[in-house]
Structure formats: structure tokens, C-alpha cells
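Subject: Structure for your review

Dear colleague,

Please find below the structure that I agreed to hand over to you. I would be grateful if you kept it open while you read the notes that come after it.

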Amino acid sequence: MASSVKVSKLIENYDLKLCNPGIDTDKIKITVPDINRPSLEWTGYFEHFDSLRVQIIGFTENSYVEQMDKESKFAIYEKLMSQRFPCIVFCRGMEPDQELIDAGTKYGVPVLVTQKTTSSFMAEIIRWLNVELAPCISIHGVLVDVYGEGVLIMGESGIGKSEAAIELIKRGHRLVTDDVVELRKVSDETLIGTAPDITRHFIELRGIGIIDVKALFGVESVKETQGIDMVIKLEEWNKDKEYELVDRDGQIAEKLTGQNLQKQHYDNVDVNVKHRALQEQRRGKSEKKQKDKKVGTPGPKVKKTESFKGPARRR
């Protein structure tokens, strides 16, 4: 489970300006996805203040501070920064006062500036922190994007997960991760799958080795993240076992980090159902064309004319 995000990663991801560069942002970590816009805090009310949250300063908060006298500013800056929250971000490119920067340096609080508007930056950072700090587990499997649907292929080692994935990639679908899938529970209804940095864009095929899918098939053949929409488990065929393609009674549904997903069991066959359906449709059209060519269409009727017969030849 991801428990924290470094402030340096936040700075890099959103191209933020660090006003007090003497602070080591690699050692400061964000542990909660919530943010706070100080309002009552400017008046000196700090009851129920959550020092774990990132602080966001918009136009309204900044304009209120601007009308305060210098002594009041210094006092409130000292009290605010002494809470030692992860960082404070000024939006709309607003430059913070030097007194606030000095107080941030004193208490080890990074003072950051972004050019984005307050609302858009708040929406982006909340979404990003929810993904980065989401509960995470690693499972054995292959995740591919098939027609925009996230298909998680699971099964024992050597069953053919990677082989099925490479066949899907050859048909124009995209690889997200092979062998190890990092699942993040972004919300109660959404699971996001990603690849570990060490295995990203690589796939291992038995008898061949490790291949770089991005280099071999192009940049459009890979994807960084994908939501999980369906789970397929490949297993060896057992003639004594009864198989169902549809989970009618809910017995096959599997729970992954609190999320119920449709799970379908297949013996080791091609899982690209939509592609096969299109192939059947095209094959049917092709056979119809060939049949029409073979039978032919009746042409215009030709009127028969009697040929002129001359007198018979004498021998």
C-alpha cells in the first residue's frame, strides 16, 4: 500500500516553483489526499487544523492577507508555518511575501507557486493524490487494453498469459503490464492497473526471452495505466469439470481489494472475442461476394436472329 508521496514528486509533476530552495523536499512526504484552503486560519483560529494536508492559497486568501498590517502578517505567518504541514502552494502565479518564505524556511515548510488557477489546480492535485496514495497490491498476471476495456489475464505460470497478450498486441491492442500488475483502488468502484518501473513495456515469452513491446510494435502498442473491467483466468482443460462462459449465479465473481469484478474461466484459447466476431462477420460478407460472383447475375436478353442460308452446294 502506498503510504506517502514525496513533495519533490509533486513539484516535478506540476512544474512548481520552489521559493525556498534550501529545503530538502525529498524528505518531506504527503500522506493524505485531502487539501485545505486557509481561511479562518488567517484570523488566528487554528482549532481542528489538519497539519497533514497540503495548503492551497487562492486569490481570495491572498487578497485578505494583503490588507493586513506588517506586524499582523508576521504573527500569522509564524503561527501558520509552525503547524509544519507538507507544503503551501500559491496559485495564479501570485508571489508570496518574503516574511512568509522566511517563516517557511525556519519551520521547514516548502513554499511553492503554480501558474494554474486555484480551481483547476485543486481538482488536479486531489485526483493525482488519490491515485498516488490509493491502496495498492501486486498480483501475478497480464493486463492489456482490448478495445478500450481493461482485461486482466490471470493463471498459473506457463499457462499462456503472455502468449495470449502478444497475440492481442499483434492484432492492434495494447499492453499495460506483464507478469506483475500493481492494482490501485482509486475509489469504491474503480481499480487502476499499472506496471512496475522495472518491467514497464517488457513482456517475457517462453523459449524466446524478454522483448521490448514499445520498440518492436511502436509507441501505440503500450499504455501506462488502465482501469480493470474484466478478469479472465486461464487454466488447463479438465474434462471432469463443468465450465460456464457467463457467471450467471455469481459463483465465479472474485473480490479484489473490495471490488467485485466479472471473472470468466477459459481453457487456453484466444480471448479476443470481439476480434473473432468481426472476423466471422467479414468472412460472411466475403463468402456472399464469392457466391454472387460464382452464380452471376442474369444479363440482358439477346434476341435470336435467323442466319441466312444460301442454296446448297453441289458436289
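The paragraphs below set out what was found, taking the sheets, the core, the pocket and the cavity in turn. Please bear in mind throughout that this is a predicted model.

I begin with the sheets. One open sheet contains five strands in the order β2-β7-β6-β5-β4, and its pairing is mixed. The edges are taken by β2 (17-18) and β4 (35-36); each has a single partner strand, so one side of each is left without a neighbour in the sheet. Within this sheet, β6 (residues 88-90) and β7 (residues 111-113) run in the parallel sense and are joined over three bridges. To find this pairing on your screen, look for Val89, whose bridge partner in β7 is Leu112.

Another open sheet has four strands, ordered β8-β12-β13-β16, and here the pairing is antiparallel. Its edge strands are β8 (136-140) and β16, each paired with a single partner, so one side of each has no neighbour in the sheet. On average, neighbouring strands of this sheet are turned by 30° against each other, with direction ignored. The antiparallel pair β8 and β12 is held over five bridges, and Ile137 can be seen opposite Leu183 of β12.

A further strand, β11 (residues 174-177), includes Arg174. Is this residue buried, exposed or partly exposed? The relative accessibility of Arg174 is 30%, and because partly exposed covers the range between under 20% for buried and over 50% for exposed, Arg174 counts as partly exposed. Although Arg174 and Val222 are 48 residues apart along the chain, their C-alpha atoms are separated by 4.9 Å.

Next comes the nonpolar core. In soluble globular proteins, nonpolar side chains tend to be buried together. The largest nonpolar core in this model has 22 residues, and those with the most contacts inside it are Leu10, Val54, Ile56 and Phe121. At least two residues of this core come from each of α1 (7-14), β5 (54-57) and α5. Of these, α5 gives the most, with five residues.

I turn now to the largest pocket, which has a volume of about 440 Å³. It is lined by 18 residues, of which Lys9, Glu132, Arg184, Thr194 and Arg200 are the closest to its centre. Which elements each supply at least two residues of this lining? They are β1 (5-6), α5 (118-132), β12 (180-187), β13 (190-194) and β16 (225-227). The most comes from β16, which gives three residues. By type, the lining of the largest pocket divides into eight charged, five polar and five nonpolar residues.

Finally, there is one cavity of 30 Å³ or more. The largest cavity has a volume of about 50 Å³. Its lining consists of Trp42, Ile57, Asn62, Val65, Glu66, Tyr77, Phe90, Pro96, Asp97 and Leu100. Helix α2 (residues 59-66) gives the most to this lining, with three residues. Here the division by type is seven nonpolar, one polar and two charged residues.

With kind regards,
A colleague

Key: Residues numbered from 1 in each chain as written. Predicted model: local features only at pLDDT ≥ 70, side-chain atom pairs only at ≥ 80, totals over all residues. Heavy atoms only, no water. 1 Å grid on protein atoms, 1.4 Å probe; cavity = no way out; pocket = protein on both sides within 12 Å on 5 of 7 lines; lining within 4 Å. Points joined across faces, edges and corners; volume = space filled by probe spheres on them. Nonpolar A, V, L, I, M, F, W, Y, C, P; charged D, E, K, R; others polar. Pairing = 2+ DSSP bridges. Axes fitted to C-alpha atoms, helices over the stretch in contact; angles between N-to-C directions. Core = buried A, V, L, I, M, F, W, Y, C linked by side-chain atoms within 4.5 Å. Buried < 20%, exposed > 50% of the residue type's maximum accessible area, 1.4 Å probe, protein only.
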